[in-house]
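Let us walk through this structure step by step. We begin at the surface and then move to a sheet and its helices.

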Amino acid sequence: MSKLILPAALLAVLLCPAEVQARDYGQRGTVFPVIERDLLEQIHSRLTQMERSGETARLNEDLKRRTIARVNRPDPVAGIVRASEARRWHFDPTITLAADIRGAKGELIHAAGTRVNPLDSVGLRADLLFLDGDDPDQLAWALKQGANAKLILVKGAPLELMKVRQRRFYFDQGGKLTERFGIRSVPARVRQQGRLLEISEIALPPKRRTAQ
């Protein structure tokens, strides 16, 4: 009996007049047209206005100026001060490989877990000298340490110094090297001693005060 109920009910709905199945209830509120502009259109319009007003050119020039200034004088390495006392220690550059090291043909060179000292294959050919390029005493000290020494600034203007001193200057961007070696004050020297690196912070004589 239940099998006959569903078809009969469905037939009754299909045979109902159209006005019973769908009814127009009219407008029940204020209808507003969609006036929101497409996001891409707004962006394009804004860029066009900026171009016409010269704002784009001003922004580009400001970006260029700030980029050149950052290259000429990078942000100083935070936390590095002038050395007030001598300090010396050794640094072991040995690392433990987290994954296999393989050659171009897939041959295993070092297995994961192997301890590798880079100094065994590539020696430190020249001393690394860290200094404040704005400190005349540190600059004079560094320039006397030999022509092969690598001069690495923690503060100063490397391009300007290269032009004036005719020497190549590097910059410890973000303090990666000083943090790695544990250097807290400058000038400092890093040199190889066998399979270790010897790191020294050098206390220069106090700055001479000019007569008043």
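A patch here is built from residues with over 30% relative accessible area and no salt bridge, and nonpolar side chains are joined within 5 Å. Keep in mind that the model is predicted.

By that rule, L39, L40, I43 and L47 make up a nonpolar surface patch. Together they offer about 430 Å² of accessible area. Take L40 as one of them. L40 sits in helix α3, which covers residues 39-53. Is L40 buried or exposed? The cut-off for exposed is over 50% relative accessible area. L40 counts as exposed because its relative accessibility is 64%.

Now turn to the sheet. Six strands form it, and it is open. Their order is β2-β12-β11-β7-β8-β9, with mixed pairing. Strands β2 (87-91) and β9 (169-171) are the edges, since each pairs on one side only. On average, neighbouring strands are turned by 25 degrees against each other, direction ignored.

Look at the β9 edge. Strand β8 (residues 150-155) runs parallel to β9, and three bridges join the two. Within this region, L151 stands opposite F169 of β9.

Which helix packs on the sheet and touches β7, β8, β9 and β11? Helix α5, residues 136-143, does so. The direction of α5 makes about 160 degrees with that of β7 (128-132). The contacted strand β11 spans 188-193.

Helix α6 comes next, at residues 158-165. Helix α6 lies across β8 and β9. Against β9, α6 runs at about 170 degrees.

How values were computed
Residues are numbered from 1 along each chain as its sequence is written. This is a predicted model: local features need pLDDT of at least 70, side-chain atom pairs count only at pLDDT 80 or more; totals for chains, interfaces and linings use all residues. Side-chain values use heavy atoms; hydrogens and water are left out. Patches are made of residues with over 30% relative accessible area and no salt bridge: like charges are joined within 9 Å, nonpolar side chains (Val, Leu, Ile, Met, Phe, Trp, Tyr) within 5 Å. Accessible areas come from the Shrake-Rupley method with a 1.4 Å probe; for residues, only the protein chains shown count as cover. A salt bridge is a side-chain nitrogen of Lys or Arg within 4 Å of a carboxyl oxygen of Asp or Glu. Helices (H or I, at least four residues) and strands (E, at least two) are DSSP runs, numbered from the N terminus. Buried means under 20% relative accessible area, exposed over 50%, partly exposed in between (1.4 Å probe, protein chains only). Two strands pair if DSSP finds at least two bridges between them. Axes are lines fitted to C-alpha atoms, for helices over the stretch in contact, and angles run from 0 to 180 degrees between N-to-C directions. Contact means heavy atoms within 4.5 Å.
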